[in-house]
Amino acid sequence: MSAHPDSVRAKTALLFPPGFVWGAATAAFQVEGATTADGRTDSIWDVFARRPGAVVGGDTGEPGADHYRRYAEDVDLMRRLGLGAYRFSLSWPRIRPDGGAPNPQGLAFYDRLVDKLLEAGVEPWATLYHWDLPQSLEDQGGWAARETAFRFAEYAETVVAHLGDRVPRWSTLNEPWCAAMLGYARGIHAPGRQEPRAAVAAAHHLLLGHGLAMDVLRRHAPAASSGVTLNLYPVSAVDPSSTVDVEAARRIDGLQNRLFLDPVLRGSYPADLRADLAPLGIEELVRDGDLATIATPIDWLGINYYRGYQVAGTPLPGSEPAGADWLGSPDVHFVPDEAAPRTDSGWEVQPSRLTECLLQVHRDYRPIPLYITENGASYPDALIGGDIADTDRIAFLDSHLRAAYEAIEAGVDLRGYFYWSLLDNFEWAEGYAKRFGLVHVDYATQRRTPKRSALWYARTISLNGLS
């Protein structure tokens with residue numbers, strides 16, 4: 001049997017373009033902890049995590065990685081690793097508790113964090129929304145309610161007016177697909193609803209919120225470089241000659257990728273997707289001016305990449321039927337790549353599909369600077385004698401950076417890479433069971449230990465390339 005193509009990539013010296021951004025990412029709810037400190041109130045994830053069985057082990061956002069209290073130590077870690085940038089998100093319920101008036105104490109934390117980053121020579125990349133909607137707004141309908149998009153714009157105005165003089169890079173949303181489809185259709189993420197029509201509404205209102213926030217950024221931080229972050233998965237038909245397999249790929253690509261790319265970059269929802277989602281009310285959601293707002297020009301697009309999908313229109317041995325998050329796709333089946341290695345999360349390791357993903361955006365949409373804003377893997381890291389020999393993560397990093405370089409060589413305007421994640425943290429419905437970090441966190445003591453992958457990444461950054 002021949003080796004999987006992703007396992008035999010040539011290991012040659014290569015340098016990334018001058019000015020390439022090397023960073024790492026986290027999200028507020030996953031790392032900050034301090035969930036009741038200094039006026040912070042519940043987000044949808046605080047409430048969801050209390051639901052019996054919702055999160056592995058009954059874990060919650062407390063303690064996270066205690067970043068709220070240990071941010072200075074963490075920034076020093078970033079400095080020592082040579083990170084050029086740190087992508088973090090801001091906590092809406094910390095800044096505007098219950099979706100209400102601004103909270104000076106919450107804003108003061110981000111003052112301290114941003115100032116410490118600048119002092120360390122690490123560029124702050126702020127994400128306005130990484131899934132922590134105030135529970136009080138969910139009680140009023142959440143993202144399924146149009147009004148939430150306007151409350152998001154108010155929150156964005158508070159944040160950007162306060163930090164826009166020091167934060168040069170902004171993202172409005174992180175992975176709206178997950179927020180809408182996993183949160184409102186399948187119910188395995190907060191707020192845990194299983195309402196297909198609400199999921200379609202949430203997707204549209206998240207995009208509307210993005211456009212409104214872009215307007216805020218243009219007004220309050222005109223010199224900043226701003227964009228949005230989408231999780232994109234290249235989708236292929238198992239049998240390209242099969243009409244039903246090709247149709248399955250069209251549908252999944254539409255729901256995962258084009259539902260967000262097209263309105264942001266083209267100012268419209270794809271006609272085929274509008275037809276697919278018409279029974280779930282998409283036509284009634286889109287009001288005059290919405291699409292122009294959503295298509296407010298962005299400076300860059302962030303791509304979160306973890307793996308690709310191959311799909312079939314009929315069941316095949318080993319395939320899994322599409323779940324409730326794939327609206328109107330009961331006949332679609334996801335077919336595993338049996339030759340690919342897997343992470344501890346069970347995700348296939350497919351670096352070549354990262355190249356495919358980047359090329360697809362480059363070829364199908366208008367030219368725009370791209371950043372890989374998340375890419376990473378969980379592995380069962382073992383701390384032995386103060387050392388974590390995570391050679392599997394090093395191999396993951398090496399192969400994906402080579403795949404990114406291939407895209408650059410093919411003409412993609414890729415300008416940076418952020419590993420997910422800087423720290424081990426609360427991994428949403430998986431709780432603390434999965435470790436993605438470059439830095440190991442002992443949750444009992446909060447002691448940080450850089451893994452071998454962190455040292456490997458630091459060397460890569462210092463070289464601006466791979467040897």
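**Exercise 1. Find which residues Glu 374 touches, leaving out those up to four places away in sequence.**

Step 1: Fix the rule. Contact means heavy atoms within 4.5 Å.

Step 2: Go through the partners. Glu 374 touches Arg 87, His 130, Asn 174, Glu 175, Ile 303, Asn 304, Tyr 305, Tyr 306, Phe 418 and Trp 420.

Step 3: Place the residue. Glu 374 sits in strand β12, residues 370-374. Strands (E, at least two residues) and helices (H or I, at least four) are DSSP runs, numbered from the N terminus.

A quick word on what you're looking at: this is a predicted model, where local features need pLDDT of at least 70 and side-chain atom pairs count only at pLDDT 80 or more, while totals for chains, interfaces and linings use all residues. Residues are numbered from 1 along each chain as its sequence is written, and side-chain values use heavy atoms, with hydrogens and water left out.

**Exercise 2. Decide whether Glu 374 and Glu 175 are buried or exposed.**

Step 1: Get the cut-offs. Buried means under 20% relative accessible area, exposed means over 50%, and partly exposed is in between (1.4 Å probe, protein chains only).

Step 2: Apply them. Glu 374 has a relative accessible area of 3%, so it is buried. Glu 175 comes out at 6%, so it is buried.

Step 3: Look around Glu 175. This residue is in the loop between β5 (169-174) and α8 (176-186). Skipping neighbours within four places in sequence, Glu 175 is in contact with Trp 131, Thr 229, Asn 231, Asn 304, Tyr 306 and Glu 374.

**Exercise 3. Work out where the "active site" residues in the UniProt record lie in space.**

Step 1: Read the record. The unreviewed UniProt entry puts the feature "active site" at Glu 175 and Glu 374. UniProt positions are given in the numbering used here, feature names are shortened, and annotations may be inferred rather than shown by experiment.

Step 2: Check the spacing. They're spread over 200 residues of sequence, yet they cluster in space, with a largest C-alpha distance of 10.3 Å.

Step 3: Check the pocket. Glu 175 and Glu 374 both belong to the lining of the largest pocket. On a 1 Å grid over the protein atoms alone, a pocket is an open set of points with protein on both sides within 12 Å along at least five of seven lines, and lining residues have an atom within 4 Å of a point.

**Exercise 4. Do the same for the UniProt "binding site" annotation.**

Step 1: List the residues. The unreviewed entry's annotation covers Gln 30, His 130, Asn 174, Tyr 306, Trp 420, Glu 427 and Trp 428.

Step 2: Compare with the pocket. The lining of the largest pocket includes Gln 30, His 130, Asn 174, Tyr 306, Trp 420, Glu 427 and Trp 428.

Step 3: Zoom in on His 130. You'll find His 130 in the loop between β4 (123-129) and α6 (135-138). His 130 is buried, at 2% relative accessible area. Not counting residues up to four places away in sequence, its contacts include Gln 30, Asn 174, Glu 374, Trp 420 and Trp 428.

Step 4: Now Tyr 306. Tyr 306 is in the loop between β8 (300-304) and β9 (309-312), and is buried at 8%. Among the residues that Tyr 306 touches beyond four places in sequence are Glu 175, Glu 374 and Trp 420.

**Exercise 5. Compare the span of helix α9 with its expected length.**

Step 1: Compute the expectation. The expected span is 1.5 Å times one less than the number of residues. For the 25 residues of α9 (196-220) that gives 36 Å.

Step 2: Compare. The end C-alpha atoms of α9 are 36 Å apart, which agrees.

Step 3: Check its surroundings. In α9, 19 of the 25 residues are buried, so α9 is largely enclosed by the rest of the structure.

**Exercise 6. Describe how helices α15 and α16 pack.**

Step 1: Choose the descriptors. Two packed helices are described by the angle between their axes and the distance between the axes. Axes are lines fitted to C-alpha atoms, for helices over the stretch in contact, and angles run from 0 to 180 degrees between N-to-C directions.

Step 2: Read the values. The axes of α15 (residues 391-409) and α16 (residues 452-463) come within 9 Å and cross at roughly 30°.

Step 3: Classify. That makes the two helices roughly parallel, a label for angles under 35 degrees (over 145 is roughly antiparallel, 65 to 115 roughly perpendicular, the rest oblique).

Step 4: Name the contact residues. They include Ile 394 and Leu 397 of α15, plus Trp 456 and Tyr 457 of α16.

Methods:
1 Å grid on protein atoms, 1.4 Å probe; cavity = no way out; pocket = protein on both sides within 12 Å on 5 of 7 lines; lining within 4 Å.
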